[in-house]
Amino acid sequence: MKLAGLKSIENAHEDSVWAATWVPATEDRPALLLTGSLDETVKLWRADELDLVRTNTGHSLGVAAVAAHPSGIIAASSSLDSFVRVFDVDTNATIAVLEAPPSEVWGMQFEPKGTILAVAGGSSASVKLWDTASWRLVSTLSIPRPEAPKPSDKTSSKKFVLSVAWSPNGKRLACGSMDGTICVFDVERSKLLHQLEGHNMPVRSLVFSPVDPRILFSGSDDGHVNMHDAEGKTLLGSMSGHTSWVLSVDASPDGGAIATGSSDRTVRLWDLKMRAAIQTMSNHNDQVWSVAFRPPGGTGVRAGRLASVSDDKSVSLYDYS
């Protein structure tokens, strides 16, 4: 696999762009790129030209995370204003507004079948599960705290939950915390299965392999990308190459590669057989907060796409083959 730069939009937003995801294609339209920014807006872009489709407003502070429902019909954005806004992708009509205390939403992802929205609960040291039919809170998965913390140990801040990821079959949910630990839950039983170790700094991004529900990738401020067996509680490997924090990680649809974004201002492509970075893209001049592969599906889709967003306010699009 190789990346080729397609297009970059400078000043795509008026402030840092922290979040990006792809809205899956529907019968009526192809996939769209969804971005969220500290300028309080969410924007939708066409997949190949990066033409702006729509700018959505509704938050009173910066947008920290975005998520797209697998149907492609609805999406969600979370803000530093303590609200999650769920909206219709094609009309921007508000479907639901979920209220969370301050510092409670730092990552979101819809369950693969779309029945639950998982929200990384930040300072509450938990993951909140919202039913997408009723938009009621149906479960809270709590992160265990040390039983005997030292007097100087700020346990709550270390267990601050930053990231969340569903396994492809929807049976497992992983979340990454400020202290570098990763918790894996059995969702149906609301039970913590185990904690994965290997990082010693915040875990800002997680993604399961789309082809193997056991394999989990994690990106951390320690500069490493780790590959775990989420069922066997095993660290399969640790990949290094970035010179600073790894802020985002995503897996290619075929499961053969991952992409990462870092505060070293680069996007890197990693070959999983080699377990090494095979390409470095330097489109951005500030830290890269999110990378996202376009999901498969849709009519007329001939090539793969990867998007990245940055503190430099830009959005970049790459072709891969």
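**Ser126 and a four-stranded sheet**

In this predicted model, Ser126 lies in strand β12, which covers residues 126–131.

Q: Why is Ser126 called buried or exposed?
A: Ser126 is called buried because its relative accessibility is 2%, and the term applies under 20%.

Q: What makes the pairing of the Ser126 side chain with the side chain of Ser124 a polar contact?
A: The two side chains are 2.7 Å apart in this contact, and the limit for a pair of N or O atoms is 3.5 Å.

Q: Which value describes the polar contact between the side chains of Ser126 and Lys128?
A: The value is 3.0 Å, again within the 3.5 Å limit.

Q: Which residues does Ser126 contact, leaving aside its neighbours within four places in sequence?
A: Ser126 is in contact with Val119, Ala120, Gly121, Thr140, Leu141, Ser142, Ile143 and Val161. Contact here requires heavy atoms within 4.5 Å.

A separate element of the model is an open sheet.

Q: What is the order of the strands in the open sheet of four strands?
A: The order is β18-β19-β20-β21, and the pairing is antiparallel.

Q: Why are β18 and β21 called edge strands?
A: Strands β18 (203–208) and β21 (234–240) each pair on one side only. From one strand to the next, the twist averages 20°.

Q: How do you know that strand β20 pairs with β21?
A: Six bridges join β20 (residues 224–229) to β21 in the antiparallel sense, and pairing requires at least two bridges, so the criterion is met. Within these strands, Asp229 stands opposite Thr234 of β21.

Definitions and conventions
Residues numbered from 1 in each chain as written. Predicted model: local features only at pLDDT ≥ 70, side-chain atom pairs only at ≥ 80, totals over all residues. Heavy atoms only, no water. Buried < 20%, exposed > 50% of the residue type's maximum accessible area, 1.4 Å probe, protein only. Polar contact = N/O pair within 3.5 Å; in protein donor to acceptor, adjacent residues only side chain to side chain. Axes fitted to C-alpha atoms, helices over the stretch in contact; angles between N-to-C directions.
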